[in-house]
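User: I'd like to go through this model and hear the reasoning behind each label. Can you start with the terms and then work through the cases?

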Amino acid sequence: MLLATPPTTNRPWSFPRGMRATRATRALERLYHERPHAALSEAEVEAALAASGTPVNRVTVYRMLDRFAAAGLLHKQVDAARVMRYAL
């Protein structure tokens with residue numbers, strides 16, 4: 001699977017065709033732009049979005065992470081504790 005190159009400027013990602021740039025997807029993009037080397041679990045993403053002022057429910061976070069991974073913007077990895085993490 002080809003991975004998208006993370007943005008190196010303040011320019012947002014160009015979302016793939018069919019993916020809407022909603023408040024939640026832009027907040028997720030911003031989160032990974034600010035933490036380019038982070039591999040975050042769903043719970044960590046949910047907490048970080050809430051802390052940034054964009055609370056998103058758990059189901060929506062899972063769906064966004066799956067969509068971003070399917071589009072090649074993020075990739076999934078399982079850590080030693082068998083927790084799914086998402087990273088650039």
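Analyst: Sure, salt bridges to begin with: the term means a side-chain nitrogen of Lys or Arg within 4 Å of a carboxyl oxygen of Asp or Glu. Keep in mind that this is a predicted model, where local features need pLDDT of at least 70 and side-chain atom pairs count only at pLDDT 80 or more, while totals for chains, interfaces and linings use all residues. Residues are numbered from 1 along each chain as its sequence is written, and side-chain values use heavy atoms, with hydrogens and water left out.

User: What makes Glu44 and Arg85 a salt bridge?

Analyst: The N to O distance between their side chains is 2.6 Å, and the cut-off is within 4 Å, so the pair qualifies. Glu44 belongs to helix H2 and Arg85 to strand E3, 41 residues apart, so this pair links distant parts of the chain. Helices here are DSSP runs of H or I with at least four residues, strands are E runs of at least two, and both are numbered from the N terminus.

User: Why is Arg85 called buried, and Glu44 partly exposed?

Analyst: Buried means under 20% relative accessible area, exposed means over 50%, and partly exposed is in between (1.4 Å probe, protein chains only). Arg85 has 17%, so it counts as buried. Glu44 has 34%, so it counts as partly exposed.

User: Which residues does the network of salt bridges join?

Analyst: Asp79 and Arg85 also meet in a salt bridge, at 2.9 Å, N to O. Asp79 is partly exposed, with 24% relative accessibility. Through shared partners, Glu44, Asp79 and Arg85 form one network.

User: How many salt bridges does the rule give?

Analyst: The count is three. One of them pairs Lys76 with Asp66 at 3.3 Å, N to O. Lys76 lies in strand E2 and Asp66 in helix H3, so that pair ties together parts ten residues apart in sequence. Both ends are partly exposed: Lys76 at 44% and Asp66 at 34%.

User: How do you know that Glu42 has no salt bridge?

Analyst: The nearest side chain of opposite charge, Arg58, is 5.0 Å away, and the rule asks for within 4 Å, so there is no bridge. For charge, Lys and Arg count as positive and Asp and Glu as negative, with His and the chain ends not counted. Glu42, found in helix H2, is buried all the same. Leaving aside neighbours within four places in sequence, Glu42 is in contact (heavy atoms within 4.5 Å) with Arg58, Val61, Tyr62, Leu65 and Met84.

User: What makes a set of residues a nonpolar core?

Analyst: The members are buried Ala, Val, Leu, Ile, Met, Phe, Trp, Tyr and Cys residues, joined through side-chain atoms within 4.5 Å. The largest such core here has 21 residues, and those with the most contacts inside it are Leu28, Tyr32, Val45, Leu49 and Leu65. Helices H1 (23–34), H2 (42–51) and H3 (58–70) each supply at least two residues of this core. H1 gives the largest share, five residues.

User: Why do E2 and E3 count as paired strands?

Analyst: Pairing requires that DSSP finds at least two bridges between two strands. Four bridges join E2 (residues 75–78) to E3 (residues 84–87), so the two are paired, and they run antiparallel. One partnership is His75 with Ala87 in E3. Five residues sit between the strands of this hairpin, where Arg82 takes a positive phi near 65°.

User: What pattern does the whole chain follow?

Analyst: Along the sequence, the pattern is α-β-α-α-β-β, with three helices and three strands. Of its 88 residues, 38% count as buried.
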